[in-house]
Amino acid sequence: MAISKKPLRNFSFLIYEAAQNKETLNRAAMLTKKALLSEYDNDFLGFDEENVEIMRDEYGKNEITRKNEDGVFTRLRDAFINPFTLVLSALAVISYVTDKDYGAVIIISVMIAISGFMRFIQEARSGKAAAKLSEMVCTTISVQRKETGKTELPIRELVIGDIVHLAAGDMAPADMRMLHTKDLFVSQSSLTGESEPVEKFSDEIKTEDIEKHSPFEFNNLVFMGSNVVSGSGIGIVVNIGDNTLFGSMSKQIVKKKVVTSFEKGVSSVSWLLIKFMMIMAPTVLLINGFTKGDWGQSLLFAISIAIGLTPEMLPMIVSANLAKGAVSMSKKKVIVKNLAAIQNLGAIDILCTDKTGTITQDKVVLEYYLNTDGDKDAKILQLAFLNSYYQTGLKNLMDIAVINHEIEDNMTFLKEDYHKVDEIPFDFNRRRMSVVVGDKDKKAQIITKGAIEEMLGVCTKAESKGRIVPLTEEIKKEILSIAQRYNEDGMRVLGLANKTGVADGGTFSVADESDMTFIGYLAFLDPPKESAEKAVKALFDYGIKVKILTGDNDAVTRFVCKKVGITIDSLLLGADIENMSDADLTEAVKNTNVFAKLSPQQKSRIINILRKSGHIVGFMGDGINDAPAMKEADVAISVDTAVDIAKESADIILLEKDLMVLENGVIEGRKTYGNTIKYIKMTASSNFGNMFSVLAASAFLPFLPMLPIQILVLNLIYDISCVTIPWDNVDNEFLRTPKDWKASSIGKFMVWLGPTSSIFDITTYLLMFYLICPAITGGSFHTLGAGQQLIFMSIFHTGWFIESLWSQTLVIHMIRTPKLPFIQSRASWQLTLLTTCGIAFGTVLPYTQAGKILEMTPLPLEYFMWLILTILAYMTLVTAAKKTFVRKYAELL
């Protein structure tokens, strides 16, 4: 195969990240047709089968590499492998090896099994709730081959250098340079965000224009992922599969996902508690070993303390919270692909969103139809309808908007009153198009619409104040001024003119577009969704700033922002950002809330800068041009109608592209965070307090304050009672601001609230050691025989077991809210029921056969009288401590 160069074949880096690839497309755009065909040793007859196989062997099939989903084994492994389960597993092994403590091993195994399997099941259910992403549709395309001529082939069979025929309705199967076009209009909205189709030509780009523009702006290149709106063309394939723009973006989004704030938060909390445990457990071991002399029991006790300090059910609680959030959001037409994204959605303080189709309806609407004086005029609408309805060329979104508006106004009778005589099609040189219509009286007129400047160029008169007057310079200035006013409001303005007294028959040409009368304007808008303004305000009320990142022009963007209540603090264009350093851009994004005419990589860069500045950022988009930014964001949001690549990179999929749904998602995310952090803080602080109690008891008691197996059972009862925390109520005030994971906040909470329980643990020690136990056994510990001392210790263990269970379970209700519990803020019935059952079970346990196995002893009524007083005093102290904490740190959870 005689190809001397390969400049168009080695496309191994992203188009915006490798200068070589930009040069590749530049070369494809600037070569003449003859030179381009010569590069591939091809002609308009196409490759023969031998050359096809050579090209396929060298460059592969025209397929996009897809990210494989994790298998069942991988998901099961991930469900069980986390810092807490690894620590618990290690402690279980140590318990078995050192003392053959089967009870401890069984309890620890139950904890791990419940945590792992529940997490696995919940995530599996969430995965089923998400809509399965569709594979690329196996479409066919018309390809020219020597043996078969023009034939339909699956797009995966294309090879570099193939000659492809495009027609209206075709999807571009690869990146191509056009060799021949006939009124070819291509929609690139999924790539660039442009709402209007782009006309493509076959002429080469001038060398001096190459470096001034990006390949997107070259009108002789067609990219995979775009679609033909009208016309036809013949092109040569220059890139296929992963080497296309579409494919290079898909390669970028299957890179390793950035670590999110949620994942960082859980990890930091986990390691904080593990480090704390690694300090406390050896300390407890040494104190008890030296004071008690029984190093074996001391080791088991230290292991139990380590387990007690670890929120061993954290993975389960987190998964249950997230799964519950996913189910709740699905009822609001939101599908969650990545469970962690629920909390991230609640944590975001900045929402970056594309404009087209996200805050707008993705359809052009005729906003105004005005006469020359700027007044609304039904005559203008009627003539515009005739022009749009009878033209047979490219019916763009503005034509459709005019026709739809006319139908809504019930003016379709015009089709019966007028008939088409001829038309003068639109072209981008004239930037206008005309139709000739006649009425029932055989009176005909030319109706022309187009860009204002071009319309004024063919008009010599204007209709003003009901009269036909000469088109003076003063009137021209007034017309341009009115058009400019609407342009500044972000609307596309077209001029409308007519010419009466023409023949009702014959053929008309561009030459007939002369000596016309300017009669009015048509102003179009891609309008915002009805809910957009309300949603933007709601997000602001919840502490979220909305920033617009769009590829559309700044004029339209300004108007849309005005419509939805977004005050433009500052606006930056892609051209401005291109020349900014990261430091300059970091400063600029602080005060800029609208970015226009952005490339995909510029969107991604802005997201990255915002995240590096400490913000939690969400991004909402639906086109392939949004995929890099979606991958960079803490939480990526898309819609079910988005391109496959965008859906694949999304964490959350909206069934309705509605910002009000996002508000609901934010609230659900903050509920998820609130209920998750409740468990972490209340468990960590409670366990922290218990450890001080254990240290005090270890240092001064002549025996262990509680048996290792009892500590494990205590923690298991407590953790199970916390399972319904995901269904707990969350105060409305808590939902009003973004919530991010802060390990330091948890540490402060532990230090402030934890010791409060230690105070009453110590009073319980004193009560049990000097009052309750001596009263039952008939003497102080040191005066008793060995048998009575065992009874003394059993009573003591049981008393502290019950007090610990009551205090750490009831305190859930105390520190779940900064308000007064049970009065100003009530827990959900599920949490109230389960905590009550947990307390009841633990209290009754000593009176059962299971209690005997655990070496517990039934306690007298006198104990419970003292217990109630202790708990009331404890709850009073906790209330005072949390109010002080809130005053100092301005938050509780």
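**Exercise 1.** In this predicted model, determine which residues Ile637 is in contact with, leaving aside its neighbours within four places in sequence.

*Solution.* Begin by setting aside the residues within four places of Ile637 in sequence, and then collect those with heavy atoms within 4.5 Å. The search returns Leu345, Leu351, Phe619, Met620 and Gly621, together with Met630, Ala650, Ile652, Leu654 and Leu662. Next, place Ile637 in its wider setting: the largest nonpolar core has 162 residues, and Ile637 is listed with Leu345, Phe518, Ile652, Leu654 and Phe801 as having the most contacts inside it. Helix α26, spanning residues 659-700, supplies the largest share of this core, namely 15 residues. Finally, note that another core, of 43 residues, lies apart from it, and that Phe47, Val52, Leu153 and Leu179 are among its members.

**Exercise 2.** Establish in what order the 8 strands of the open sheet are arranged, and which are the edge strands.

*Solution.* Reading across the open sheet gives β8-β23-β22-β21-β9-β18-β20-β19, with mixed pairing. The edge strands, each pairing on one side only, are β8 (334-336) and β19 (571-573). On average, and with direction ignored, neighbouring strands of this sheet are turned by 20° against each other. At the β8 edge, the pairing with strand β23 (residues 652-654) is antiparallel and extends over 3 bridges, and within it Ile335 stands opposite Ile653 in β23.

**Exercise 3.** Find which strands helix α20 lies across, and at what angle it runs to β20.

*Solution.* Locate helix α20 at residues 554-563, and then follow it across β18 (545-549), β19 and β20 (594-596). Its direction relative to β20 is about 150°.

Methods: Residues numbered from 1 in each chain as written. Predicted model: local features only at pLDDT ≥ 70, side-chain atom pairs only at ≥ 80, totals over all residues. Heavy atoms only, no water. Core = buried A, V, L, I, M, F, W, Y, C linked by side-chain atoms within 4.5 Å. Buried < 20%, exposed > 50% of the residue type's maximum accessible area, 1.4 Å probe, protein only. Helix = DSSP H or I, 4+ residues; strand = E, 2+ residues; numbered from the N terminus. Pairing = 2+ DSSP bridges. Axes fitted to C-alpha atoms, helices over the stretch in contact; angles between N-to-C directions.
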